[in-house]
Amino acid sequence: MRKLTAAAAAALLTLALPPSPGAAAAPAGGPPMGWSSRSLGCSVSETSVRQAAAGLAALAPLGYRLVLIDDCWLAPQRAAGALAPDPARFPGGIKALADHLHGLGLRLGLSLSAGTKACSGGGPGSYRNEAADAELVRSWGVDHVKYDWCNIPTADFPGQNVQQIAQTLYPRMRQALGDSVAFAMNNEDGSTVPWLWAKDSGAVTWRTNVYNRPLPDAYASMVDVWETNQLRVQYAGPGNWADPDLIQAGRGGMTEAEYRTQVTLWAVGAAPLVLQADPAAAPKAVVANPKVIAVDQDRLGVPARLVRSDGWYHVLVKPLDGGDQAVVLFNESNRATTISYRLPAGRYRAEELWSGQVATTTGELSAHVPAHGAVMYRVGPSREQAPPLLTVETDPPAFLGDDRPGTLEPGRQRDVITRVVNSGATARVRDLRVTLAVPDGWTAEARTPATRSRLDAGETFTVTWALTPPAGTEPRAYDLTTTAAFTGGTATGTAVVAVAQAPGAGRTYLSDLPWTSAKNYFGPVERDTSNGDKAAGDGRPLTIEGVRYAKGLGAHAPADIEFYTAGRCRGVEFTAGIDDEVGPAGSAGFEVWADGRRVAYTGVLTGAQPGKKVTASVSGARFVRLVATNGGDNATSDHADFADAAITCDQASS
């Protein structure tokens, strides 16, 4: 379970309350939308920007109009005291590029630095040249300046902290640019705490991402950045947007569902929607949903508040112009689960903006949300005669907080249940028929009736399915989708299940078995060799205090290696120690976990100690993990060996 303390959850729930929109005038526009050249780095060029702009033009009707050149566009030196574009990268100049973009209905943004040098590319900063630089970029037709916080000459400001220096330098450029150029404050590490004062600086955006510089294309990092952003959005509002960083969709590091979650969280938070991937590669199903974009660009400009969070499951609510509200149900965990939110008493129209499904509810807003997924409803009072909202669950968790996908073995049958709940409770559902879609070659047979003549308000209908993946099924994740068809409509619910192979009967070396997951501090976990260096397959013979071992797992602490055991294994054994390849410097603790229980721990072992024999009972456990923890110092030399690691299992039942 995610380690979010009660105090931290309370802080998110309290601090994320947005200011009341009151009677403030509508902003001139919503948060910026467009594309950034960040992924191109210093390979950026006039040609690559024009190519990206051609792709972005197709998205311009939806609001994607900003083309932001992020560093490396500057020549190394000023020309006669003025900024100049790099002649090799931008031979046609910035004005010609701006004219071209304007002809496509787009806007040009440039990055500048508040310090003496640009952040990347070696170009000059704008320190003490703010007025001249601002006049020049205006003459080029630049529409937007992202003002970076790099190479700041702090010695010129004796006795002042970083915030005080920023409150001098940022407004200086803002005022020089004038009202015709949008101004974005880009202090990535948060040291200037812009959320406390950016509103008075005239900045259209200010950064909240203090975890990563810049945001990696990874789900866990994206969630960390979102949580940090949620602590800052209370200070944001119309024309002064909190910026948690770029949209990653299309880069390849996350699944489409995870990219959809990022866009959902950014949209409900009234954040900029600026793409990092080539616009032509960004999945249109994720970045081009007009109803989701409308939530982001809503005229009220109020970020969502977090009304519920327990560390895994989150509910966010954003008031919208005209009286509707956007409600997001976000499942941060690794298993599909049902998340609910109770609206005030009344009858509501609820449109799920990603699927387009419209339903009615008397107040219960509920959905079976996929792992790492988010659903977004637009909700408003209505007497519309739409079907009642159905909550359709596929392989629901056995208990609240169960964070592991359901697991099946190739060639073995397992019961899976589906549930349909008339959670909307606005009408009786008639002629209900439930079907379960499974991957090709799998069998799914209903062991209980899959049809029901009616489902009254609040009632639940459960079907048990005998599900069998064929022998030889590749161990990985698979989708299961339940469809509930009824008179006047349909509803669906999807979950992910994992296929994994448990060990056979007898004693088996763990290095000969597939693991379900492996996390390692440096490089991959190695089979039958030490960890070696960073590359895969570069290990050496497992050796602890001069004793060599032919079998085992070579890791670098902290490390966590998990195996599926299906409750049919009895014991794990290995010799724990720091591999001789790092000498006496390394240290680590070695643990065995059986489901949620730690069943063995060596204490901290160092590279100067001989191997320590470990035996652990894992009877009844569905999953077994070998864990190497840091020894309390730095992790540079913590090459942790699970030498001769083996597991003993009983005969598998048919």
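**Notes on the predicted model**

1. Buried residues make up 55% of the 654 residues in the protein chain. Bear in mind as you read that this is a predicted model. The surface that the chain exposes comes to about 25700 Å², and 50% of that is supplied by carbon and sulfur atoms.

2. On the overall build: there are nine helices and 38 strands in the protein chain. Its radius of gyration is 28 Å, close to the 26 Å given by the globule rule for 654 residues, so the chain is as compact as a globular protein of that length. Taken along the principal axes, the box filled by the C-alpha atoms is roughly 80 × 75 × 45 Å. As for contacts, take those between residues at least 6 apart in sequence: 71% of them join residues at least 24 apart.

3. Now the sheet with a helix on it. Six strands form an open sheet in the order β9-β10-β11-β16-β13-β14, and the pairing is antiparallel. At the edges sit β9 (305-309) and β14 (358-361), each of which pairs on one side only. From one strand to the next, the twist averages 25 degrees. Helix α7 (residues 256-268) packs on this sheet and touches β10 (313-319), β11 (325-331) and β16. The direction of α7 makes about 140 degrees with that of β11.

4. Within that six-stranded sheet, have a look at the pairing of β13 (residues 348-352) with β16 (residues 374-381): the two run antiparallel and are joined by five bridges. If you want a place to start, Tyr-348 stands opposite Pro-381 in β16.

5. A second sheet is worth a look too. This one is open, has four strands in the order β17-β19-β23-β21, and is paired antiparallel. Its edge strands are β17 (391-394) and β21, with each pairing on one side only. Direction ignored, neighbouring strands of this sheet are turned by 25 degrees against each other on average. Edge strand β21 is joined to β23 (residues 460-468) by four bridges, and these two strands run antiparallel. One residue pair to find there is Glu-445 with its bridge partner Ala-466 in β23.

6. Aromatic side chains next. The count comes to 12 aromatic pairs. One of the pairs is Trp-442 with Tyr-478, which is tilted, at 5.1 Å centre to centre and with 55 degrees between the planes. Trp-442 lies in the loop between β20 (429-437) and β21 (443-446), while Tyr-478 belongs to strand β24 (residues 477-486), so the pair ties together parts that are 36 residues apart in sequence. Both Trp-442 and Tyr-478 are buried.

7. Phe-574 and Phe-642 make an edge-to-face pair, at 5.1 Å centre to centre and with 70 degrees between the planes. Phe-574 is in strand β33 (residues 569-578) and Phe-642 in strand β38 (residues 639-649), so this pair ties together parts that are 68 residues apart in sequence. How accessible are the two rings' residues? Phe-574 counts as buried because its relative accessibility is 1%, and Phe-642 is buried with a relative accessible area of 0%.

8. The strands carrying that Phe pair also bridge to each other: β33 and β38 pair in the antiparallel sense over eight bridges. Cys-569, for one, has Cys-649 in β38 as its bridge partner. Strand β33 is also joined to β36 (residues 612-617), again running antiparallel, by six bridges. There, Val-572 has Ala-616 in β36 as its bridge partner. Strand β33 is mostly covered, with eight of its 10 residues buried.

9. There is also an aromatic cluster to check: ring pairs link Tyr-147, Trp-149, Tyr-170, Phe-183 and Trp-197.

10. Last, a loop residue. Gly-537 is found in the loop between β28 (526-527) and β29 (542-544). Is Gly-537 buried or exposed? Its relative accessible area is 64%, so Gly-537 is exposed. The C-alpha atoms of Gly-537 and Ala-184 are separated by 46 Å, and these residues are 353 residues apart along the chain.

Notes: Residues numbered from 1 in each chain as written. Heavy atoms only, no water. Pairing = 2+ DSSP bridges. Axes fitted to C-alpha atoms, helices over the stretch in contact; angles between N-to-C directions. Contact = heavy atoms within 4.5 Å. Rg over C-alpha atoms; globule rule 2.2 N^0.38 Å. Buried < 20%, exposed > 50% of the residue type's maximum accessible area, 1.4 Å probe, protein only. Areas by Shrake-Rupley, 256 points an atom, 1.4 Å probe, with all protein chains shown as cover. Phe/Tyr/Trp six-rings, centres within 6.5 Å; stacked < 30°, edge-to-face > 60°.
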